[in-house]
Amino acid sequence: MVAIGGVAAVLAVVLVGCLFQTFHREKNWRVLAAKYAYRTGLDPAMVMAVIRAESAGNPSAVSRAGARGLMQLMPSTAKEVAGNAGVRYRGADDLFDPDLNVRLGTLYLAQLRRMFRDDPWLYIAAYNAGPGAIGRLRQANPELSSEEVIRRCAPAETRAYVPTVLRYWKREAG
């Protein structure tokens, strides 16, 4: 009976440790999201929504396409953004650093926001599918609203992604 109690106590300590670590990790990415959102003029709730949709807050996430970290940046995109901003970037593994990942991700998102004139349907879609692809869709469908372009014409992943981010954004803004 004592052995079972000891095992239960150990399991309880491990569970509490895991919960604390998960809470601490989420608190960390939320702090980073707010910090870099303010620096780039983005809504912190929107940055948190992108992180939730992209990686569910996992700084070690890697997509099938090779995107990495909290904001799921492609190494080539990170290299370009870092170069333009004068930020030190040594390679793909740097994207597992939550601070650098969120810094570069928010710089990129702010760039897309400007490029797509603050239209969240387009700049969030561009974050997912690339600005070239979304720019071509917008140009090919001038009669449609931005929402209709994404809902009707974007790739399936992007059609699902944008409403998800918008829903998370609304929830985060509370």
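This is a short tour of the structure above, stop by stop, with a selection to make at each one.

**Stop 1: the whole chain**

Before you click on anything, keep in mind that this is a predicted model. Show the chain as a cartoon and colour it by secondary structure: you should find eight helices and zero strands. Following the sequence from start to end, the pattern reads α-α-α-α-α-α-α-α. There are 174 residues, and 41% of them count as buried. How much of the contact in the chain comes from residues 24 or more positions apart? Among contacts with a separation of 6 or more, such pairs account for 51%.

**Stop 2: the end of α2**

Select serine 55, which sits in helix α2. Is serine 55 buried or exposed? Its relative accessible area is 8%, so serine 55 is buried. Now show its side chain and look for leucine 70: the serine 55 side chain reaches the backbone oxygen of leucine 70 at 2.7 Å. Setting aside residues up to four places away in sequence, serine 55 touches Ala61, Gly69, Leu70 and Gln72.

Step along to alanine 56, and you are in the loop between α2 (44–55) and α3 (75–85). Alanine 56 counts as exposed because its relative accessibility is 57%, and the cut-off for exposed is over 50%. Check its backbone too: phi is near 55 degrees, a positive value in a residue that is not glycine.

**Stop 3: α3 against α4**

Select both helices, α3 and α4. Two packed helices are described by the angle between their axes and the distance between the axes. Here the axes of α3 and α4 come within 10 Å and cross at roughly 85 degrees. That angle falls in the 65 to 115 range, so α3 is roughly perpendicular to α4. To see who makes the contact, show Thr77, Ala78, Val81, Ala82 and Ala85 on α3, then Leu104, Leu107, Tyr108 and Gln111 on α4. Sorted by class, the contact has seven nonpolar residues, two polar ones and no charged ones.

**Stop 4: the loop before α4**

Pick aspartate 94, in the loop between α3 and α4. With a relative accessible area of 14%, aspartate 94 is under the 20% cut-off and therefore buried. Its side chain reaches the backbone nitrogen of arginine 90 at 2.7 Å. Leaving out residues up to four places away in sequence, aspartate 94 touches Tyr89 and Leu100.

**Stop 5: along α4**

Start at the beginning of the helix, where a side-chain oxygen of aspartate 97 comes to within 3.1 Å of the backbone nitrogen of aspartate 99. Then try a bit of arithmetic with your viewer's distance tool. What span should the 18 residues of α4 have at 1.5 Å a residue? The expected span is 26 Å, and the end C-alpha atoms are 25 Å apart, which agrees.

Next, colour the buried residues of α4: Leu100, Asn101, Val102, Leu104, Gly105, Thr106, Tyr108, Leu109, Ala110 and Leu112.

Just past the helix, arginine 117 has a positive phi of about 50 degrees. Aspartate 118 has a positive phi as well, about 60 degrees, although it is not a glycine. You'll find aspartate 118 in the loop between α4 (98–115) and α5 (120–129). Its relative accessibility is 42%, so aspartate 118 counts as partly exposed.

**Stop 6: arginine 138**

Jump ahead to helix α6 (residues 131–140) and select arginine 138. Which backbone atom does its side chain reach? The arginine 138 side chain reaches the backbone oxygen of leucine 144 at 2.4 Å. Leaving aside neighbours within four places in sequence, arginine 138 is in contact with Leu122, Leu144, Ser145, Ser146 and Val149. Try one distance here as well: the C-alpha atoms of arginine 138 and cysteine 153 are separated by 9.2 Å, while the two residues are 15 residues apart along the chain.

**Stop 7: α7 and α8**

For the last stop, select α7 (residues 146–153) and α8 (residues 156–173), which pack at an angle of about 135 degrees with their axes 7 Å apart. The two helices are therefore oblique to each other. On the α7 side, show Ile150, Arg151 and Arg152; these meet Thr158, Arg159, Val162 and Pro163 of α8. The residues of this contact divide into three nonpolar, one polar and three charged.

Technical notes. Residues are numbered from 1 along each chain as its sequence is written. This is a predicted model: local features need pLDDT of at least 70, side-chain atom pairs count only at pLDDT 80 or more; totals for chains, interfaces and linings use all residues. Side-chain values use heavy atoms; hydrogens and water are left out. Helices (H or I, at least four residues) and strands (E, at least two) are DSSP runs, numbered from the N terminus. Buried means under 20% relative accessible area, exposed over 50%, partly exposed in between (1.4 Å probe, protein chains only). Axes are lines fitted to C-alpha atoms, for helices over the stretch in contact, and angles run from 0 to 180 degrees between N-to-C directions. Angles under 35 degrees count as roughly parallel, over 145 as roughly antiparallel, 65 to 115 as roughly perpendicular and the rest as oblique. Contact means heavy atoms within 4.5 Å. Ala, Val, Leu, Ile, Met, Phe, Trp, Tyr, Cys and Pro count as nonpolar, Asp, Glu, Lys and Arg as charged, and the others, Gly among them, as polar. A polar contact is a pair of N or O atoms within 3.5 Å; within protein, one must be able to donate a hydrogen and the other to accept it, and residues adjacent in sequence count only if both atoms are side-chain atoms. The expected span of a helix is 1.5 Å times one less than its number of residues.
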